[in-house]
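Biologist: I have the sequence and the structure open. Could you take me through some of the residues and contacts?

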Amino acid sequence: MNKFDSVEAAPSPDLLTPDNAMMLFVDHQPQMFFGAASADRAGVINATVGLAKAATVFDVPVVLSTVAAESFSGPLLPQLREVFPKHEIVDRTSMNAWEDPALVEAVKATGRGKIILSGLWTEVCLVLPALSALSQGYEVYVVADASAGVTPEAHEHAMRRMTAAGAVPVTWLQVLLELQRDWARGETYTQTLDVVKEHGGAYGMGVVYAQSMIDPHAAG
């Protein structure tokens, strides 16, 4: 029997879906952005907000967390807060978010096994919870462009450390399109392209052009 006889048109269980994933945003705060120099800060903000809007399009559960918001790091990124105006924010003292019981309970309450993780800084506030969640059986997908470190080297080495431990590196646009995955999924088609047009850079401009000059459905 050929080992490929049982092959069928079906998605891998490794893929992110609206039903198996949740998003954890960690420490997107002013003081953390001051020190984040591994990438253009405006680009990180754009990616973070694009990722957040992907969660709203597909109704993916979200946990928001800050560290020492009132005493040191400042409030959650306003653009991120605007996407989730009514969400409770878990404020912590611990650098490792996974050592905060309230945050872990919030993640557990979503019932999801895949964590889409982003935050500042990559080498501290992402590495620590990523390794901790992985050690307890979660699958972790680290959104590289919605995160940043103190230096490019710090970000790169932190990403390598998480990847070596089993985390999966992704980008915000990859997450959005993986959640959509089929342009025939009409209930989220328009909203997905709206996020692309607003936050997708040249790709977004391409969608605007195609829909305006060719056909409203030319982009997908």
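Biologist: Where is V107 placed?

Modeller: This is a predicted model. In it, V107 sits in helix α5, which covers residues 101-110.

Biologist: Is V107 buried or exposed?

Modeller: V107 counts as buried, because its relative accessibility is 0% and the cut-off for buried is under 20%.

Biologist: Which residues does V107 touch?

Modeller: Not counting residues up to four places away in sequence, V107 touches M22, L24, V63, W98, I115 and Y138.

Biologist: And how far apart in space are V107 and E153?

Modeller: Their C-alpha atoms are 30 Å apart, and the two residues are 46 apart in sequence.

Biologist: Let us move to L51. Which helix is L51 in, and is L51 buried or exposed?

Modeller: L51 belongs to helix α2. L51 is buried, with a relative accessible area of 0%.

Biologist: What does L51 touch?

Modeller: Once residues up to four places away in sequence are set aside, L51 touches M23, F25, I116, S118, V143, A146, W172 and V175. For M23, which is 28 residues from L51 along the chain, the C-alpha separation is 8.9 Å.

Biologist: Which way does α2 run against α9, parallel or antiparallel?

Modeller: Helix α2 spans residues 41-58 and helix α9 spans residues 186-199; their axes come within 10 Å and cross at roughly 175°. That angle makes α2 roughly antiparallel to α9, because angles over 145 degrees count as such.

Biologist: Which residues make that contact?

Modeller: On the α2 side they are N46, V49, G50, K53, V57 and F58, and on the α9 side T188, Q191, T192, V195, E198 and H199. By class, the contact of α2 with α9 has four nonpolar, six polar and two charged residues.

Biologist: What about α6 and α7, at what angle do they pack?

Modeller: Helix α6 (residues 122-135) and helix α7 (residues 152-165) pack at about 5°, and their axes are 9 Å apart. With that angle, α6 is roughly parallel to α7.

Biologist: Which residues of α6 and α7 meet there?

Modeller: From α6 there are T122, E123, L126, V127, A130, L131 and L134, which meet A154, H155, A158, M159, R161, M162 and A165 of α7. By class, ten residues in this contact are nonpolar, two are polar and two are charged.

Biologist: Now the backbone. Where is there a cis peptide bond?

Modeller: A cis peptide bond joins L120 and W121, with omega at about -10°. W121 lies in the loop between β4, residues 114-119, and α6.

Biologist: What is in contact with M32?

Modeller: Leaving aside neighbours within four places in sequence, M32 is in contact with D27, S73, L120, W121 and C125. The two residues of the cis peptide bond, L120 and W121, are thus among the contacts of M32.

Biologist: Where is M32, and is M32 buried or exposed?

Modeller: M32 is placed in helix α1, and M32 is buried, with a relative accessible area of 8%. The C-alpha atoms of M32 and V49 are separated by 16 Å, with their positions 17 residues apart along the chain.

Biologist: D27 was in that list of contacts. What is its phi?

Modeller: Phi of D27 is near 65°, a positive value in a residue other than glycine. D27 is in the loop between β1 (21-26) and α1 (30-35), and D27 counts as buried at 0% relative accessibility.

Biologist: And what is phi for D59?

Modeller: Phi of D59 is near 55°, again a positive value in a residue other than glycine. D59 lies in the loop between α2 and β2 (62-67). Unlike D27, which is buried, D59 counts as exposed, at 66% relative accessibility.

Biologist: Lastly, the whole chain. How many helices and strands are there?

Modeller: The protein chain has ten helices and six strands. Its radius of gyration is 18 Å, close to the 17 Å that the globule rule gives for 220 residues, so the chain is as compact as a globular protein of that length.

Biologist: What share of the residues is buried?

Modeller: Buried residues make up 47% of the 220 residues. The accessible surface comes to about 10700 Å², and 57% of that surface belongs to carbon and sulfur atoms.

How values were computed. Residues numbered from 1 in each chain as written. Predicted model: local features only at pLDDT ≥ 70, side-chain atom pairs only at ≥ 80, totals over all residues. Heavy atoms only, no water. Axes fitted to C-alpha atoms, helices over the stretch in contact; angles between N-to-C directions. Helix = DSSP H or I, 4+ residues; strand = E, 2+ residues; numbered from the N terminus. Parallel < 35°, antiparallel > 145°, perpendicular 65-115°, else oblique. Contact = heavy atoms within 4.5 Å. Nonpolar A, V, L, I, M, F, W, Y, C, P; charged D, E, K, R; others polar. Rg over C-alpha atoms; globule rule 2.2 N^0.38 Å. Buried < 20%, exposed > 50% of the residue type's maximum accessible area, 1.4 Å probe, protein only. Areas by Shrake-Rupley, 256 points an atom, 1.4 Å probe, with all protein chains shown as cover.
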